Amino acid sequence: MKIFIDSADLDEIKQAFDWGVCDGVTTNPSLMKKAVDKRVSAGEKLDLKEYIKRILEIAKGTPVSLEVTELTAAGMIEQGKRIFDMFNPVAGNVNVKIPVNPAFKDGDTTHFDGLRAVRALSEQGIPVNCTLIFTPEQCLLAAKAGAAFISPFAGRVDDLIRTKAGVKFDKTAYFPAEGMMKDDALVEDNGVVSGIDLVEQCVDVLNIYDFEAEIIAASLRNPRQAREAALVGAHIATLPFTVIRDMLKHAKTFEGMDLFTKDIVPDYVKMLKG
Ligand code: G3P
């Protein structure tokens with residue numbers, strides 16, 4: 001499974017690539033706002049175009065998702081092309097992120113505009129990451145429209161299930177992949193019992209029909225969820241900086257290091273000196 005960093009924060013992106021385990025970057029309007037706000041409130045006069053170019057250079061050779069902000073097919077196609085033309089020449093690694101359905105409510109006329117934009121941009125050779133996926137059938141439609149990447153939002157499904165179950169929760173707390181029971185029934189959302197279950201069903205849909213699209217398990221908020229995304233066959237997990245960092249932690253690893261270090265025979269170190 002590839003690991004992307006889910007961040008628009010240049011310092012985090014630099015650090016994650018420096019760790020040598022990062023295979024790409026995903027951004028979205030909220031992450032971009034967070035990164036920009038941080039810089040501006042620190043007194044920086046931010047040139048956003050140059051800032052994004054630096055992200056692309058750091059991620060050189062690996063995909064970077066930049067999201068559209070328009071809400072109609074025509075607007076998303078035009079803006080997607082502009083994003084690609086403006087930024088892909090920097091390092092050849094841009095994909096355009098398009099919401100699977102840009103409508104705000106049922107009945108909005110833009111219902112299929114996301115998929116229309118996915119198809120149009122993909123047909124022009126612009127790779128698309130189709131985002132805000134909450135059902136396997138949305139994933140199927142995104143794959144049929146030609147998306148290169150498809151992003152099911154695992155953590156937000158867990159939020160929904162826990163809210164439906166009426167439990168208080170911390171958004172970063174682990175939620176079991178097999179779901180939770182309430183009144184002797186599994187709590188579910190349209191046949192999906194957890195975020196990881198959604199990721200697994202999306203992976204299955206792509207595999208059964210040999211779609212070339214890759215699943216990016218998104219909205220993952222803790223290391224165990226990243227592990228489970230790997231176990232259900234997600235091609236990619238996009239992770240916040242803190243989750244990548246925390247994947248490496250274990251008390252017994254720290255303790256083992258401490259014990260091994262205390263046991264070092266001085267002659268062994270001497271022997272190995274150049
Ligand atoms: O990759 C999608 C992600 O940024 C959303 O995460 O934690 O806001 O649901 P979250």
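Is W19 buried, partly exposed or exposed? In this predicted model, W19 has a relative accessibility of 36% and therefore counts as partly exposed, since the class of buried residues ends under 20% and that of exposed residues begins over 50%. This tryptophan is a useful place to enter the structure, and the paragraphs below return to it after a view of the whole chain.

The protein chain has 274 residues, of which 47% are buried, and its secondary structure comes to twelve helices and ten strands. Taken along the principal axes, the box that its C-alpha atoms fill is roughly 75 × 55 × 40 Å. The chain exposes about 14,500 Å², and 55% of that area is supplied by carbon and sulfur atoms. Among the contacts with a separation of 6 or more, 60% are between residues that stand 24 or more positions apart.

One example of sequence-distant parts being brought together starts at W19. The structure holds three aromatic pairs, and one of them is formed by W19 and F241, whose ring centres are 5.1 Å apart and whose planes meet at 20°, so that the pair is stacked, because planes under 30 degrees apart are counted in that class. W19 belongs to the loop between α1 (10-18) and β2 (25-26), whereas F241 belongs to helix α10 (residues 241-246), and the pair therefore ties together parts that are 222 residues apart in sequence. The two partners fall into separate accessibility classes: W19, as said, is partly exposed, while F241, at 16% relative accessibility, counts as buried. Another ring, that of Y174, has a charged residue over its face, namely R224, at 3.9 Å from the ring centre.

Strand β2, which follows the loop of W19, contains T26. With a relative accessibility of 1%, T26 counts as buried, and its side chain is joined to that of T238 by a polar contact of 2.5 Å. Beyond the residues up to four places away in sequence, T26 touches a set of residues that includes F4, I5, D6, L31, N129 and I216, as well as T238.

From here it is a natural step to the ligand, for D6, L31 and T238, which T26 touches, are also among the residues around the ligand. The others in that surrounding group are N28, F153, R156, A218, S219 and R221. For three of these residues, a polar side-chain atom can be placed relative to an oxygen atom of the ligand: the distance is 3.0 Å for N28, 2.6 Å for R156 and 2.7 Å for S219. The protein covers 82% of the 310 Å² of accessible area that the ligand has on its own.

S219 deserves a second look, since its backbone is also notable. It lies in the loop between β9 (214-217) and α9 (223-231), and its phi is near 55°, a positive value in a residue other than glycine. At 11% relative accessibility, S219 counts as buried. D183 likewise has a positive phi, of about 50°, although it is not a glycine; this residue lies in the loop between β7 and β8 (185-186) and, with a relative accessible area of 70%, is exposed.

Two threonines in loops complete the tour. T172 is found in the loop between α7 (154-164) and β7 (181-182) and is partly exposed, with a relative accessible area of 44%. Leaving aside neighbours within four places in sequence, T172 is in contact with R221 and N222, and R221 is one of the residues around the ligand. From C-alpha to C-alpha, T172 and Y209 are 33 Å apart in space, with their positions 37 residues apart in sequence as the separation.

T135, for its part, sits in the loop between β5 (128-133) and α6 (136-145), and its relative accessibility of 13% makes it count as buried. A polar atom of the T135 side chain lies 3.0 Å from the backbone nitrogen of Q138. Apart from neighbours within four places in sequence, T135 is in contact with N190, L198 and C202.

Key
Residues numbered from 1 in each chain as written. Predicted model: local features only at pLDDT ≥ 70, side-chain atom pairs only at ≥ 80, totals over all residues. Heavy atoms only, no water. Phe/Tyr/Trp six-rings, centres within 6.5 Å; stacked < 30°, edge-to-face > 60°. Helix = DSSP H or I, 4+ residues; strand = E, 2+ residues; numbered from the N terminus. Buried < 20%, exposed > 50% of the residue type's maximum accessible area, 1.4 Å probe, protein only. Lys NZ or Arg CZ within 6 Å of the ring centre and 35° of its normal. Near = heavy atom within 4 Å. Polar contact = N/O pair within 3.5 Å; in protein donor to acceptor, adjacent residues only side chain to side chain. Areas by Shrake-Rupley, 256 points an atom, 1.4 Å probe, with all protein chains shown as cover. Contact = heavy atoms within 4.5 Å.
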